[in-house]
Amino acid sequence: VAIGVLGAGQLGRMLALAGYPLGLEFAFYDKPVNAPAAHLGQYFSSCQQGDALAQFLAVAGVVTYETENVPLSLAEQIAKHKRLYPGIQSLRLGQNRIAEKKLFKQLNIPTPAYQEVHNEAELKAAVADIGLPAVLKTVTLGYDGKGQILLKEEADLARAWQKLQGDPLVVEAFVYYQREVSIIGVRNRESEMAFYPVTENYHHQGILRYSLAPAPALLGAIADQARQYMAVLLTHLNHIGVLALELFETEQGLLANEMAPRVHNSGHWTINGAVTSQFENHLRAIAGLPLGSTALCQPYAAMVNIIGSYGNTRAVLAIPGAHLHCYGKEARPGRKIGHINLTAQTEQQQQALMRQLAAYLPPSAPVLA
Ligand SMILES: Nc1ncnc2c1ncn2[C@@H]1O[C@H](COP(=O)(O)OP(=O)(O)O)[C@@H](O)[C@H]1O
Ligand SMILES: [Mg+2]
């Protein structure tokens, strides 16, 4: 039997790459005919003839997903026949910003002020309450900053409403954070939990550009707080698999931005930088295996996303400690098509290596300053 994966993008591909050494086999279910993971296991495309879903389920044992945008009805249907990990609860909450924020509040995890809005009058009223700047976001299906608009002044409201109306929307306070961080946790079928070091993340125009692990100069108390939030979420959700939590670090402490019930871009550094990658630990968790160590294998690690075009990958591979990960995707502006992982012995070395990757970073990246 194979591990069934809903979605055959780069995350599914990296799951398979991590699973082969464990003797695991894979089956993927997705729409496109040429998906990044299509050749890494049996592939069932819903665009091809025949009942691809039934064929997929016939070969899949445990089923997981690489994206939270799996239709809930499909997940519920699958969960009737198969073990689906992470479970329906994690998926349902993780695909809806309002549900996530309600959960954060319920579990005493601070989150920015927000209001659900159904019409332009409600948007105006919400902004009057929350203040400007604020961010208007679609409640579902957003990624890489898509489906959100920054509201700076009153005049932005009507235009933003015109653009996003039709989908359920939420408006939230703009956070003047010091930086963005994330924590990735994992919980297995025996309720064992493990946590990766808190990572610093830099986003540009809504897209993650790089991650540094561990987050530089992070106070121990803040790291403990992030771990505690993750532990509470994993336990409350009875979550099995990897869970990612994106946070804003502010002067008042951490504010939860969003969570993802899956392996996460801010954990890609773990492939080369941690004893056990997030992908391997996700598989261990859902396959009923013991978790592996989440410790760094060198004191410092980093990840730089390759966006739009591959650039000079020969030069990248000439950098000591640099590892290239290509997703087999067609290069297109603004599209994540790969990433580069770095490991280093010292923070100075990590910073120097990051500067060698300047061609892959926006000029505004703090790490280049
Ligand atoms: N309320 C906010 N205040 C400040 N920056 C924000 C806020 N919401 C989002 N952002 C910025 O936009 C990025 C993407 O937003 P996010 O809500 O994480 O959506 P997604 O990752 O699904 O596209 C964040 O990582 C952050 O850089
Ligand atoms: Mg995000």
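## Exercises on a four-stranded sheet and its helices

In this predicted model, four strands build an open sheet in the order E5-E8-E6-E7, with antiparallel pairing.

**Exercise 1.** Determine which strands stand at the edges of this sheet.

*Solution.* Begin with the strand order, E5-E8-E6-E7. Strand E5 (114–117) and strand E7 (148–151) each have a single partner strand, so one side of each lacks a neighbour in the sheet, and these two are the edges. From one strand to the next, the twist averages 20 degrees.

**Exercise 2.** Describe how E5 is joined to E8, and how E6 is joined to E7.

*Solution.* First, consider E5 and strand E8 (residues 169–173): they run antiparallel and are joined by four bridges. Gln115 has Val171 of E8 as its bridge partner. Next, consider E6 and E7, which also pair in the antiparallel sense, over four bridges. Here Val135 has Leu150 of E7 as its bridge partner.

**Exercise 3.** Establish which side chains of E7 are buried and which are not.

*Solution.* The general principle is that side chains in a regular strand alternate between the two faces of the sheet. Apply this to E7: Ile149 and Leu151 point to one face, whereas Gln148 and Leu150 point to the other. A residue counts as buried when its relative accessible area is under 20%. Ile149 and Leu151 are buried; Gln148 and Leu150 are not.

**Exercise 4.** Identify the helices H5 and H6 that lie across the sheet, and give their angles to E5.

*Solution.* Helix H5 (residues 97–106) lies across E5, strand E6 (134–138), E7 and E8, and runs at about 145 degrees to E5. Helix H6 (residues 120–130) lies across E5, E6, E7 and E8, at about 175 degrees to E5.

**Exercise 5.** Classify the crossing of H6 and H7 and name the residues in contact.

*Solution.* The axes of H6 and helix H7 (residues 156–164) come within 10 Å and cross at roughly 135 degrees. H6 is therefore oblique to H7. The crossing is right-handed. The contact involves Glu120, Leu123, Lys124 and Val127 of H6, together with Leu157, Ala158 and Trp161 of H7.

**Exercise 6.** Examine the length and the surroundings of helix H8.

*Solution.* Helix H8 (residues 220–236) has 17 residues and reaches 24 Å from its first C-alpha to its last, close to the 24 Å expected at 1.5 Å a residue. Its buried residues include Ile222, Tyr229 and Leu234. Among the elements covering the buried residues of H8 are H5 and strand E9 (179–187). Just after H8, Asn238 adopts a positive phi of about 50 degrees.

Terms used: Residues are numbered from 1 along each chain as its sequence is written. Chains are lettered from A and ligands numbered from 1 in the order in which they are written. This is a predicted model: local features need pLDDT of at least 70, side-chain atom pairs count only at pLDDT 80 or more; totals for chains, interfaces and linings use all residues. Side-chain values use heavy atoms; hydrogens and water are left out. Two strands pair if DSSP finds at least two bridges between them. Axes are lines fitted to C-alpha atoms, for helices over the stretch in contact, and angles run from 0 to 180 degrees between N-to-C directions. Contact means heavy atoms within 4.5 Å. The expected span of a helix is 1.5 Å times one less than its number of residues. Buried means under 20% relative accessible area, exposed over 50%, partly exposed in between (1.4 Å probe, protein chains only). Angles under 35 degrees count as roughly parallel, over 145 as roughly antiparallel, 65 to 115 as roughly perpendicular and the rest as oblique. A crossing is left-handed if the near helix is turned anticlockwise from the far one by less than a right angle, and right-handed if clockwise.
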